[in-house]
Amino acid sequence: MKTSFTPTFVHVPPGPLAGPLQLLPVNSEVVAVHTATGAHVGSLKQVGGVWKFKAMGYDAAGRMEPGHGPLTNQHNMAFAAPDAAEVSARLLGALAGKSGAGS
């Protein structure tokens, strides 16, 4: 699958993220979530028929930190489907503190 970004797996500091978020399918039950610039910030995983966002961060040495990263507070946010527009709006809206972004 060709993407319009280069996936990267590096530390992303807290604060605003480059949107819209991009979804990159991994398999039938996992979709990686990346910023517009390619930074990996988590995944959507299908759990019991519901897609749940799983936040992912990376430390300064590049080691994975599950449940961390710039979208930590959105960990386990539920979605009906891996729709890029909805995922981006809700996750980035929650990061910005906009109402209506909850799960």
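Here are some worked exercises on the predicted model shown above.

Before you start: residues are numbered from 1 along each chain as its sequence is written, and side-chain values use heavy atoms, with hydrogens and water left out. Because this is a predicted model, local features need pLDDT of at least 70 and side-chain atom pairs count only at pLDDT 80 or more, while totals for chains, interfaces and linings use all residues.

**Exercise 1: Confidence**

Task: Find the average pLDDT of the chain, and say what the model shows over residues 99–103.

Solution:
- Start with the term: pLDDT is the predictor's confidence in each residue, from 0 to 100.
- The chain averages 89, and 91% of the residues score at least 70.
- Now look at residues 99–103, where the pLDDT is below 50. In the model, this stretch has 9 contacts beyond near neighbours in sequence, where a contact means heavy atoms within 4.5 Å.

**Exercise 2: The overall layout**

Task: Work out which pattern of helices and strands the chain follows, and check its radius of gyration against a compact globule.

Solution:
- Helices (H or I, at least four residues) and strands (E, at least two) are DSSP runs, numbered from the N terminus.
- Count them up and you get 1 helix and 6 strands. Walking along the sequence, you meet them as β-β-β-β-β-β-α.
- Next, the radius of gyration, which is taken over C-alpha atoms; the globule rule is 2.2 Å times the number of residues to the power 0.38. For 103 residues a compact globule would come out near 13 Å, and the chain has 12 Å, so the two agree.
- As for its dimensions, the C-alpha trace spans about 35 × 30 × 25 Å along its principal axes.

**Exercise 3: A close look at S43**

Task: Decide whether S43 is buried or exposed, and list its contacts.

Solution:
- First place it: S43 sits in strand β3, residues 40–47.
- Then recall the cut-offs: buried means under 20% relative accessible area, exposed over 50%, and partly exposed in between (1.4 Å probe, protein chains only).
- The relative accessible area of S43 is 12%, so S43 is buried.
- Skip the neighbours within four places in sequence, and S43 touches V30, V31, A32, V33, K52, F53 and K54.
- For the whole chain, buried residues make up 37% of the 103.

**Exercise 4: Two backbone oddities**

Task: Say what is unusual about the bond joining G19 and P20, and about the phi of N76.

Solution:
- Begin with the background: most residues other than glycine have a negative phi, and most peptide bonds are trans.
- G19 and P20 are joined by a cis peptide bond, with omega about 0°. P20 is in the segment before β1 (22–27).
- N76 isn't a glycine, yet its phi is positive, about 80°. You'll find N76 in the loop between β5 (64–66) and β6 (78–79). Its relative accessible area is 35%, so N76 is partly exposed.

**Exercise 5: Far along the chain**

Task: Find how far apart P14 and P70 are in space, then do it for A84 and L21.

Solution:
- P14 lies in the segment before β1. With a relative accessible area of 74%, P14 is exposed.
- P14 and P70 are 56 residues apart in sequence, but C-alpha to C-alpha they are 4.9 Å apart.
- A84 belongs to helix α1, residues 84–95, and is partly exposed at 35%.
- A84 and L21 are 63 residues apart along the chain, with 6.9 Å between their C-alpha atoms. Beyond neighbours within four places in sequence, A84 contacts L21 and L23.
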